[in-house]
Amino acid sequence: HLCLNQTSVFSLSVYYTHLLWCSSWWGGVQMGPPDPILGVTEAFKKDTNPKKMNLGVGAYRDDQGKPFVLSCVRKAEAIIAAKQLDKEYLPIGGLAEFSKACAQLALGPENEVLKSSRSVTVQTISGTGSLRIGANFLARFHPGPHDVYLPKPSWGNHTPIFRDAGMQLKAYRYYEPSTCGFDFKGALDDISKIPEQSIILLHACAHNPTGVDPRPEQWKEIADIVKKRNLLVFFDMAYQGFASGDIDRDAWAVRHFIENGHNIVLSQSFAKNMGLYGERVGGFTVVCKDAEEAKRVESQLKILIRPIYSNPPVNGARIAATILNTPELRSLWLEEVHGMANRIIKMREQLVAGLKKNGSSHNWQHVIDQIGMFCFTGLKPEQVERLTKEFSVYMTKDGRISMAGVTSGNVGYLADAIHAVTK
Amino acid sequence: NIFKVPQAAPVAVFKLTQDFNNDQFPNKVNLGVGAYRTDEGQPWVLPVVKKVEKIIVHDDRLNHEYLPILGLPEFRSSASKIVLGDNSPAILENRVGAVQCLGGTGALKIGAEFLRRFYNGSNNTKTPIYVSAPTWENHNAVFSSAGFEDVRPYRYWDAEKRGLDLAGFLGDLESCPEHSVFVLHACAHNPTGTDPTQEQWKQIAEVMMRRKLFAFFDSAYQGFASGSLEKDAWAVRYFVSSGFEMFCAQSFSKNFGLYNERVGNLTVVARDADNLKRVLSQMEKVVRITWSNPPSQGARIVTITLTSPELFSEWQENVKTMANRVLLMRSQLKAKLQALGTPGTWDHITDQIGMFSFTGLNPKQVEYLVKEKHIYLMASGRINMCGLTTKNIDYVAESIHEAVTKVQ
């Protein structure tokens, strides 16, 4: 109840001015939830347990658990430093010698697509930036249904990226929990029912988060059914070289689909296979019907890129281009990527051996069958929580572990911890 | 055959440079794209940047790991200090935060995406976004691609008097819908080079505060305009001290010459630490679906420089070098045009500030310069003063004289 005499009115106006002064535009903004993947690292950093293990984010670690800067990268950096290059803006589509080498790496230098110039590759902000540009491009130009079919499960960031670009998300069966393997039958079944001209996203190799990849014969059948359904194929290749240790083997699916007549779109990342995480090196490729279409598509990609960040950062692209285009460095790189893949394979074997030694009654074969940086352990959320709380082993809630975080020094501890929560 | 994709028009400023590059005329001059050039017409990697890059390449402790989503923490805080001042009350009150972004463009983008989601209600695509008439050509695209449906001009450049249309500007501030967003150039307005005076900024701020308008500063030339970091940040700091909650998109492309490393910072000034925290957490989500985390090289260079007293001084000297050369070219161009008796007044060449000058040349005169004299400038009449050198300034002055006298 207010008595509105002059004094009150004055006090009220002061009060409201005070409120205006103290109120914020952002009063209604909720606290955003921590990013599930990168949030794991943040929680890990705060933990004081000396035995803590970070099996969250997919960044490679050497056998001492340290970040690994590849020698080919250091050598490339020295070469670049000596050149004393200027810092002028790159073109919107990025460093030309990078984009060319990036496409050649994925498709193979003799690929007919490259020889007839019927593809366009733009440099992007690593894999995320590539997916985002791709999603924006499809949202604007894809004539078919704006439904993107992701494998179940897929990388957690796929969904919000495509959604924010205005696409609808759907799924096809992929991972079979009972075998911790590929649900081939379920995948074919679901894909055969996808409405024509929809978009299907495929992980080229080292599926994230499961580590479960189709075998070549299975890829062939998938390619056939995708062709029958007239789907647009969006390949996400973030681990070329990192999966098997062989860059051509890891690109097999991508190349097969192209040979099979699919005009794919492709995202590539060099974060893992060159260890260039923070330099943000990636590419987005659209395979077109001919060179003329490729030019039109390129012009539209630039229109999409410009209002986001104008043009991409040079440093990482230059390193990658130098490595790919300098024969000795390229050979060295292939060796080092092979080395990283091998260490991971070894850790998989040692983890399973450790679990067996502890007397685990479970079948852990999938840990060895799966490929690439990640392993879908099959652990349930409660078990994951116990691993974190009781053993300071950090991973994402879905039971995914980054094998790169496992070393010969801690694989025993990990085997003990997993056994403890699963026995 | 899947995509019915039409050919898009090339971005004008890049097409201009392409045409320049293809031109065989020996005395051609590029007064187009906004990058600094030395008196030899060459790009300039700042000496301090060269020094710091050596430090980085030889530091074995550095690796290429992911930065946090919001960027390198020391970069964010030192960059915000540069624009707001070390002792900004807002910083001392813990209500300043930042997001490391890909250049000034990236900072505008993240700010725009956040505003579209959270400003003035939610999913707010109808709020008018006001950009100056004229403005940097990418401002429109940044905000419209973020989802804003109503990007409008506010009066700014008075073509007749070749100066600021303050009455028009203030008029638009008074008549626009409440809560409209205004994109303000912190200094060295692009493309006109015409900035409000301090007194004029005060008037602008008064109206904006009273009418509850949102201030989104674009600061791409701090230090580059006058040679003084403090002077070039005066408007931003004045708004902060007036109590605005606001954004400032900072670019280090020009003042550090780090164009292709994409170094930018979105400084956020909030009412208090709690609001700030929530804002940053939501900006993090936007970043994650755009580029995940920013590139490290450029941010490292800037951070090492800003946090070392000797390197910081050296940087300030390098910035002054650039600003001074531009000032020299301005005064020389004006003097030569006056000496030639070129019709019209040319005071605006030295009244204007920063990289660009709005010459006042009309499209026909511009076309004459490009086609007949091989002098490349934007159709708007905008020239990049950095394209002028002691060797070409006579040719340019004479050519402008010709264009003005021959072409109406």
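**How we describe chain A**

Biologist: How do you know that the radius of gyration of chain A agrees with a compact globule?

Modeller: The radius is taken over C-alpha atoms, and the globule rule is 2.2 Å times the number of residues to the power 0.38. For 423 residues that gives a value near 22 Å, and chain A has 25 Å, so the two agree. Please note that this is a predicted model, where local features need pLDDT of at least 70, side-chain atom pairs count only at pLDDT 80 or more, and totals for chains, interfaces and linings use all residues. Residues are numbered from 1 along each chain as its sequence is written, chains are lettered from A and ligands numbered from 1 in the order written, and side-chain values use heavy atoms, without hydrogens and water.

Biologist: Why is A:Val212 called buried?

Modeller: Buried means under 20% relative accessible area (exposed is over 50%, partly exposed in between; 1.4 Å probe, protein chains only). A:Val212 has 5%, so it is buried. Across chain A, 60% of the 423 residues count as buried.

Biologist: Where does A:Val212 sit?

Modeller: In the loop between β7 (199-203) and α9 (216-228) of chain A. Helices (H or I, at least four residues) and strands (E, at least two) are DSSP runs, numbered from the N terminus; chain A has 17 helices and 13 strands.

Biologist: What is A:Val212 in contact with, leaving aside its neighbours within four places in sequence?

Modeller: Contact means heavy atoms within 4.5 Å. The partners of A:Val212 include A:Tyr174, A:Cys180, A:Phe182 and A:Gln370.
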